[in-house]
Structures are given as structure tokens and as C-alpha cells.
Amino acid sequence: MNEGSVTPGIRRGKKMKYTVTAALLLGALCLLAVAGTAIAGETIGVVRTASGAATVTRGEKTDPAVPGLKLLVGDTLGTGRDGSLGVILRDDSSLSIGPESRLVRRSFLFSPSEGKFDLVARITRGTMAYLSGLIGKLAPEKARFETPTATIGIRGTRFAVKVGEPSAR
């Protein structure tokens, strides 16, 4: 057998092996990235109280917020002039959202058995009070609230924030 005829086949075989290995590793990384947040459709909390104009927007659909409504990652909580909301998350954190507010649950992961925690929310207007649950106690560095001008890292057990209209400069 001619040595030159074997080498190209071996090279192609090695390239294929590396390509398949790279594809499998990339697939595994994608799965790990997805596992890092709440599974689509997984309940992360529940509306405990709602009064006045209070809504939950999920995708393109906006519904009135009512006690017992299950919340998902990505939900936008909104209140009107006379609205307020009380929310309990799976880790027993509580959020109180005041009038004319808007808050988006960006990320939530609560898996104490695996030591995995994450809580990220963005408030773009209005007022909110937070009382930490287990994420704030077990992994305070993993709880974060974002505003248009700052990020609040949790180092205690409670705080309140008011986000006003941007000032004209």
C-alpha cells in the first residue's frame, strides 16, 4: 500500500473526530447555559397582593395581576397611579411594588441542593421594597437589582428604591 494514499484518509478521519468533539462540547456548553436560569415556564414566584391598576406582561400578552398568579422569568410587573403589588418568590424573598412602577424579572435560579442561586431584576420606574429570602442570605453576591443608572448588590436583608424620571441635563 502506498503511504501517501493512507495519510490523507487518516487526516480526514482526525478532522472529522475533532469536528464531532467540538460540536459535542459546544452542545454541552449550550445546555449548561440554559440550565443556569429558570426553565422556561417554571414558576419563580406568585402574586400575593394586588390593588388598583396592576398588571403582569408575559411576551405580548398583558393580564391583570391577581393574587395567586404564578410568575415566570421575563415577566414584567407594572402598576398604574393607584396600583401596588406584593410578590413572594420561591426563595421566600418578598417584593412590594408601589404606584407607577415597572419591574422585569430578568433571571432567577434557586437550587440549594446544587448550591446554585441567581436573582436579577430591573426596575425602570417607580418604587420597590425588597426583603431578602434564602438567596440573599446564602449567596448575597448573586442577588442584584438594576436601575437605569445603577446596580444594587444585596449585602443586607432589605432595601427600598425609588426610580424617577430621568433628569434633563
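This tour moves from the whole chain to one central strand, its partners, the core and a few single residues.

**Before selecting anything.** The model is predicted, so that local features need pLDDT of at least 70 and side-chain atom pairs count only at pLDDT 80 or more, while totals for chains, interfaces and linings use all residues. Residues are numbered from 1 along each chain as its sequence is written, and side-chain values use heavy atoms, with hydrogens and water left out.

**The whole protein.** Show the chain as a cartoon, and two helices and twelve strands can be traced; here helices (H or I, at least four residues) and strands (E, at least two) are DSSP runs, numbered from the N terminus. From the N terminus on, the order of the elements is α-β-β-β-β-β-β-β-β-β-α-β-β-β. With a surface switched on, the protein exposes about 10,500 Å², of which carbon and sulfur atoms supply 58%; accessible areas come from the Shrake-Rupley method with a 1.4 Å probe, and for residues only the protein chains shown count as cover. Of the 169 residues, 34% are buried, where buried means under 20% relative accessible area, exposed over 50%, and partly exposed in between (1.4 Å probe, protein chains only).

**Strand β9 and its partners.** Select residues 116-131, which form β9, and then add its partners in turn; two strands pair if DSSP finds at least two bridges between them.

- Strand β8 (residues 102-111) pairs with β9 in the antiparallel sense over nine bridges, and Arg105 has Ala121 as its bridge partner in β9.
- In the hairpin of β8 and β9, four residues lie between the strands, and Gly115 takes a positive phi near 70°.
- Strand β7 (residues 94-97) is antiparallel to β9 over four bridges, with Leu131 as the bridge partner of Ser94.
- Strand β10 (residues 143-146) runs parallel to β9 and is joined to it by four bridges; Phe145 in β10 stands opposite Ala121.
- Strand β12 (residues 158-163) is antiparallel to β9 over six bridges, and Val163 in β12 stands opposite Gly126.

**The nonpolar core.** Next, show as sticks Leu77, Leu95, Leu103, Leu119, Met128, Tyr130 and Phe145, which touch the most other members of the largest nonpolar core, a group of 28 residues. Such a core is a set of buried Ala, Val, Leu, Ile, Met, Phe, Trp, Tyr and Cys residues joined through side-chain atoms within 4.5 Å. At least two residues of this core come from each of β2 (54-58), β6 (84-89), β7, β8, β9, β10 and β12, and β9 gives the most, with six residues.

Centre the view on Leu119. Beyond its neighbours within four places in sequence, Leu119 is in contact (heavy atoms within 4.5 Å) with residues including Leu89, Arg105, Phe108, Tyr130, Ile135 and Phe145.

**Ser107 and Asp118.** Now select Ser107 in strand β8, which counts as buried because its relative accessible area is 9%. Its side chain makes a polar contact with the side chain of Asp118 at 2.3 Å; a polar contact is a pair of N or O atoms within 3.5 Å, where, within protein, one must be able to donate a hydrogen and the other to accept it, and residues adjacent in sequence count only if both atoms are side-chain atoms.

**Two loop residues.** Finally, go to Asp92 in the loop between β6 and β7, which has a positive phi of about 75° although it is not a glycine, and which is exposed, with a relative accessible area of 57%. In the loop between β7 and β8 lies Glu100, also not a glycine, with a positive phi of about 50°; Glu100 is partly exposed, at a relative accessible area of 40%.
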